[in-house]
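Okay, hi everyone, I've got a few minutes to walk you through one protein. Have a look at the picture first, and then we'll go through it together.

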Amino acid sequence: MSKPVVLLMGPIHAPSQARLEATYDVRRYWEAPDKGSLLDAIAPHCQCIVTNGGRGVEAEVMKQLPGLKMVANFGVGYDAVDVPYCQARRIGLSNTPDVLTEDVADLALALLLGSLRRIPAGDQHVRSGAWAKGGMALTQSMQGKKILILGMGRIGQAIAKRCLAFNTEIGYSGPRKKDGLSFPYFADVVEGSKWADVVVAALPGGAATKAAMSRAALEALGPQGTFVNIARGSVVDEEALIELLGNGKLGAAGLDVFYNEPNINPAFFGLQNAVLHPHQGSATTPTRDAMGDLTLANVTAFFAGQKLVTEVLPVHY
Ligand code: 8YV
């Protein structure tokens, strides 16, 4: 029996991709010189797309696959997948929640501490030989900080748990107050940012959260404030972020995510008060292995006619 066709939009974790390619007839979209011919050739057979969180998949591609029934997203965030189109055509969707929560939360703390304690500047101070001529400037303390978590989902709560170990106060903001959480809730992000010394963005990307961390919120956070983003570049007004970091109206930032990755706005490169990181939240070997296992488990469930393991939208068989 021939292997089922799977359209792979972009590369995923290499060992998981190798397993996928061993089991299915995988067609690599990003490598195809003529995308139209590739889609025409697989259109009669292709029922499943696998993609990574950064690449997602647009309606234009899905429209050319009349038999498409399922999209498996390697990543918890599926904002790059055209979800309204999937809903309209009743295409199933899976993602990779939970397995990456702890690593992403760890990186948020690393960026926060790295920003407050200026770890990259310290590294430079030692490497450049400047230390022999004098110590580096004093930094900010984490102790006692008021931390607003923007998006108190699984990852936000894992960040809060870690922050509490540093004697901080937690507040949160998001679309609604959560039952069972005793932290102060700020319905308005600007009000929350006025209260906070630090804002950590941990909310999903997409149209609903676009620039949720607005210019006004960044200004409210202010010259002593620190903004950390492990969510998506789209959740902050990036133009305002760059401007306010540049003129000192925002104190510092720790950023794992940006608009237009990996070709980010070069204005970031000159900002010494920003710690920059190349979208590495889930990028540890065990977590990427687990994300790959979950992606494959969803694809296996689909081809077995079963309910998806981590279903965002159900498959209609
Ligand atoms: C990945 C992510 O970088 O899970 C997410 O939403 O942003 C990251 O884990 C990405 O999805 C890998 O393709």
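**The second largest pocket, the domains and the ligand**

So, let's begin with the second largest pocket, which holds about 450 Å³ of space. Keep in mind that this is a predicted model.

Who lines that pocket? The lining of the second largest pocket has 19 residues. Lying nearest its centre are Phe-258, Tyr-259, Asn-260, Glu-261 and His-279. If you sort the lining by type, you get eight nonpolar residues, seven polar ones and four charged ones.

Now, which domains does the lining draw on? At least three of its residues come from domain 1, and at least three come from domain 2. The domain assignment puts domain 1 at 5–98 + 286–313, so to speak in two pieces, and domain 2 at 101–276. Their C-alpha centres are 32 Å apart. Where the two domains are in contact, six residues come from domain 1 and six residues from domain 2.

Okay, on to the ligand. Remember His-279 from the pocket centre? It's also one of the residues around the ligand. Others in that group include Asn-52, Gly-53, Leu-100, Ser-282 and Met-291. The shell splits into four nonpolar, six polar and two charged residues.

Which atoms of the protein lie 2.8 Å from a ligand oxygen? A polar side-chain atom of His-279 is one, and an N or O atom in the side chain of Arg-232 is another. Phe-74 joins in through its backbone, with an N or O atom 3.2 Å from an oxygen of the ligand.

And how much of the ligand is covered? On its own, the ligand has 320 Å² of accessible area, and the protein covers 88% of that.

Definitions and conventions: Residues numbered from 1 in each chain as written. Predicted model: local features only at pLDDT ≥ 70, side-chain atom pairs only at ≥ 80, totals over all residues. Heavy atoms only, no water. Near = heavy atom within 4 Å. Polar contact = N/O pair within 3.5 Å; in protein donor to acceptor, adjacent residues only side chain to side chain. Areas by Shrake-Rupley, 256 points an atom, 1.4 Å probe, with all protein chains shown as cover. Nonpolar A, V, L, I, M, F, W, Y, C, P; charged D, E, K, R; others polar. 1 Å grid on protein atoms, 1.4 Å probe; cavity = no way out; pocket = protein on both sides within 12 Å on 5 of 7 lines; lining within 4 Å. Points joined across faces, edges and corners; volume = space filled by probe spheres on them. Domains from an automatic or database assignment. Contact = heavy atoms within 4.5 Å.
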